[in-house]
Amino acid sequence: MTVRSSPGPLVENNWRMFATCKTVDPAVFYSPGEERGRNRAARESTAKQVCFRCPVIRDCLTFALETAEPHGVWGGTTPSERLALRRSAA
């Protein structure tokens, strides 16, 4: 019997298995459409605290930048912070 390795995308995204956020309610990372001001800042701060404890924060941020993820907190960054990073890299 031949054992085959996982296809590329699964291997490349293997970092998700080690992400601290996988045990946290996704609502912490994604804004409801009507959320603004202090409520949004507080939720994003909570999400970033999770990210800053995460062993794969760099992989997560790289993924979000490479895919131009437009929503949520990824790799300790908000959508506007990632946009600024992409623009400064260009």
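**Exercise 1. Is R43 buried or exposed, and what is its relative accessible area?**

Step 1. Start with the cut-offs: buried means under 20% relative accessible area, exposed over 50%, and partly exposed in between, with a 1.4 Å probe and protein chains only.

Step 2. R43 has a relative accessible area of 11%, so R43 is buried.

Before going on, a word about the model. It is a predicted one, in which local features need pLDDT of at least 70 and side-chain atom pairs count only at pLDDT 80 or more, while totals for chains, interfaces and linings use all residues. Residues are numbered from 1 along each chain as its sequence is written, and side-chain values use heavy atoms, with hydrogens and water left out.

**Exercise 2. Describe the overall make-up of the protein chain and find where its confidence is lowest.**

Step 1. Look for helices (DSSP runs of H or I, at least four residues) and strands (runs of E, at least two), numbered from the N terminus. The protein chain has four helices and zero strands, in the order α-α-α-α.

Step 2. Consider burial: of the 90 residues in the protein chain, 29% are buried.

Step 3. Turn to pLDDT, the predictor's confidence in each residue, from 0 to 100. Its mean over the protein chain is 88, and 86% of the residues reach 70 or more. Among the elements, helix α1 (residues 8-12) has the lowest mean pLDDT, 51, whereas α2 has the highest, 97.

Step 4. Over residues 1-8 the pLDDT is below 50, and beyond near neighbours in sequence this stretch has one contact in the model (contact means heavy atoms within 4.5 Å). Where pLDDT is low, the predicted coordinates should not be read in detail.

**Exercise 3. Work out how the buried residues of α2 are arranged, and what covers them.**

Step 1. Helix α2 covers residues 37-52, which is 16 residues. From first C-alpha to last, α2 reaches 22 Å, close to the 22 Å expected at 1.5 Å a residue; that expected span is 1.5 Å times one less than the number of residues.

Step 2. The buried residues of α2 are R43, E44, A47, K48, V50 and C51. Seen down the axis of α2, they fall within an arc of 150°, so they line one face of the helix. The arc is that of the directions from the helix axis to the C-beta atoms.

Step 3. A general rule helps here: an α-helix has 3.6 residues a turn, so residues three or four places apart point the same way.

Step 4. Now view the face of α2 turned away from its buried side: there you find the exposed residues R38 and F52. The cover over the buried residues of α2 includes α3 (57-66) and α4 (79-89).

**Exercise 4. Trace the salt bridges that involve R43 and K48.**

Step 1. A salt bridge is a side-chain nitrogen of Lys or Arg within 4 Å of a carboxyl oxygen of Asp or Glu. The structure holds four salt bridges.

Step 2. R43 pairs with E35 at 2.8 Å, N to O, and with E44 at 3.9 Å, N to O. E35 counts as buried at 11% relative accessibility, and E44 is buried too, at 16%.

Step 3. K48 forms a salt bridge with E81, their closest N and O atoms being 2.8 Å apart. This pair links distant parts of the chain, since E81 lies in helix α4 and K48 in helix α2, 33 residues apart. K48 is buried at 18%, while E81 counts as partly exposed at 32%.

Step 4. Finally, salt bridges that share partners join E35, R40, R43 and E44 into one network.
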